[in-house]
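Here is a set of questions that asks for the reasoning behind each label. Look at the sequence and the structure before reading on.

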Amino acid sequence: MKRVLSAALLSAAAVIPAHGAAVVNGDFEGGSLNGWYASGANVNGSSTAIVNAGNGYPALAGNNSALIVAMSLWPLGPNVTCASDPWNVACPLPVPFSPSGAGAPTFFSQNVAGRFLRGGFIAQDVNVAAGDTLEWLSQRLGEVSSGTVGNPGNVDNAFFVAFNGSTEAVVDLRGNVSSYTFAQGGLWSIFFGVQQTEDPYVWSALKVDAIAFRASDVPEPGSLALALAAGGALCWQRRRAKV
């Protein structure tokens, strides 16, 4: 009996996440954007794809990352070629490069001061509990890599956005922020993206990876109740053995 109760106590006390908040394909290790809604190739001058060392953009973690690009509109000529400006809308996309093909919604037209020209993003819906923290790795490339938070000038923007239909949280990734904690539970849409605000002639990109909710050390209520019951039964068994 003691062995049975001890086993029940140990198994019930195992740490289990208290809810089901999860990101689908947040590490991109399958080599695709499955699970994400993504702006496609040349949709409003943007592209999204899986990248790795094989196509010149080493992953931030593991073997693959997602790359979101706001492309250049420089006219090609003697001084601007596909070799010097590989993310030009007039040039073939680097190979291998497999954009999702999904159309981009109008979300990014809501840029500060209406200066948005073009941009790309990846997005998905997640169910969260209040207090959940989402974490990620990111790297800015191209013109946006020189930007700083709050710069009103001719600098592109990289961002994380969380939206639940009434509350919208915007995190400027030029500040090297790598997490966001949800104050409210429920269904949220999460976005990672890059925008061109004024200058259409220099490409900007955001590489993201390891998008996941921080592990919770809180056991589920059912598991906690079982652990308490098993512990109580074990104490009772020991007291009975002493009598």
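**Labels and their grounds**

Q: What makes Trp87 count as buried?
A: Trp87 has 0% relative accessibility. Buried means under 20%. Trp87 therefore counts as buried. Like everything below, this value comes from a predicted model.

Q: Why is the pair of Tyr57 and Trp87 called tilted?
A: The ring centres are 6.1 Å apart. Rings pair if their centres lie within 6.5 Å, so Tyr57 and Trp87 form a pair. The planes stand at 55°. Stacked needs under 30 degrees and edge-to-face over 60. The angle of 55° fits neither, so the pair is tilted.

Q: Which parts does the pair of Tyr57 and Trp87 tie together?
A: Tyr57 lies in the loop between β2 (46-51) and β3 (65-70). Trp87 lies in the loop between β3 and β4. The pair thus ties together parts that are 30 residues apart in sequence.

Q: Why does Tyr57 count as buried at 16% relative accessibility?
A: The cut-off for buried is under 20%. Tyr57, at 16%, falls under that value, so Tyr57 counts as buried.

Q: What makes the pair of Tyr37 and Phe121 stacked?
A: The centres are 5.9 Å apart, and the planes differ by 15°. A pair needs centres within 6.5 Å, and stacked needs planes under 30 degrees apart. Both conditions hold, so the pair is stacked.

Q: How many residues apart in sequence are the parts that Tyr37 and Phe121 tie together?
A: They are 84 residues apart. Tyr37 lies in strand β1 (residues 37-38), and Phe121 lies in strand β4 (residues 118-128).

Q: Are Tyr37 and Phe121 buried or exposed?
A: Phe121 has 0% relative accessibility and counts as buried. Tyr37 has 39%. Buried means under 20% and exposed over 50%. Tyr37 falls in between, so Tyr37 counts as partly exposed.

Q: Which other aromatic residues form a cluster?
A: Trp136, Phe160, Tyr180, Phe182, Trp188, Phe192 and Phe213 form one aromatic cluster. A search of the whole structure finds 12 aromatic pairs.

Q: Why can Trp74 belong to a nonpolar surface patch?
A: Patch residues need over 30% relative accessible area. Trp74 has 39% and is partly exposed, so Trp74 passes that cut-off. Trp74, in the loop between β3 and β4, makes the patch with Tyr201 and Val202. The patch covers about 260 Å².

Q: How do you know that Thr133 makes a polar contact with Thr181?
A: The two side chains make the contact at 2.7 Å. The cut-off is within 3.5 Å, between N or O atoms. The value of 2.7 Å meets that limit. Thr133 lies in strand β5 (residues 133-142) and is buried, with 10% relative accessible area. Beyond its sequence neighbours, Thr133 is in contact with residues including Tyr180 and Phe213.

Q: Where does Val144 lie, and which residues does Val144 touch?
A: Val144 lies in the loop between β5 and β6 (157-163). At 0% relative accessibility, Val144 counts as buried. Among the residues that Val144 touches are Asp156, Arg174 and Val194. Val144 and Val194 are 50 residues apart in sequence and 8.1 Å apart in space, C-alpha to C-alpha.

Q: What pattern does the protein chain follow?
A: The protein chain reads α-β-β-β-β-β-β-β-β-β-β-α, with 2 helices and 10 strands. Of its 243 residues, 41% count as buried.

Note on methods:
Residues numbered from 1 in each chain as written. Predicted model: local features only at pLDDT ≥ 70, side-chain atom pairs only at ≥ 80, totals over all residues. Heavy atoms only, no water. Helix = DSSP H or I, 4+ residues; strand = E, 2+ residues; numbered from the N terminus. Buried < 20%, exposed > 50% of the residue type's maximum accessible area, 1.4 Å probe, protein only. Phe/Tyr/Trp six-rings, centres within 6.5 Å; stacked < 30°, edge-to-face > 60°. Patch = residues over 30% accessible without salt bridge, like charges linked within 9 Å, V, L, I, M, F, W, Y side chains within 5 Å. Areas by Shrake-Rupley, 256 points an atom, 1.4 Å probe, with all protein chains shown as cover. Salt bridge = Lys/Arg side-chain N within 4 Å of Asp/Glu carboxyl O. Polar contact = N/O pair within 3.5 Å; in protein donor to acceptor, adjacent residues only side chain to side chain. Contact = heavy atoms within 4.5 Å. Lists of a residue's contacts leave out its neighbours within four places in sequence.
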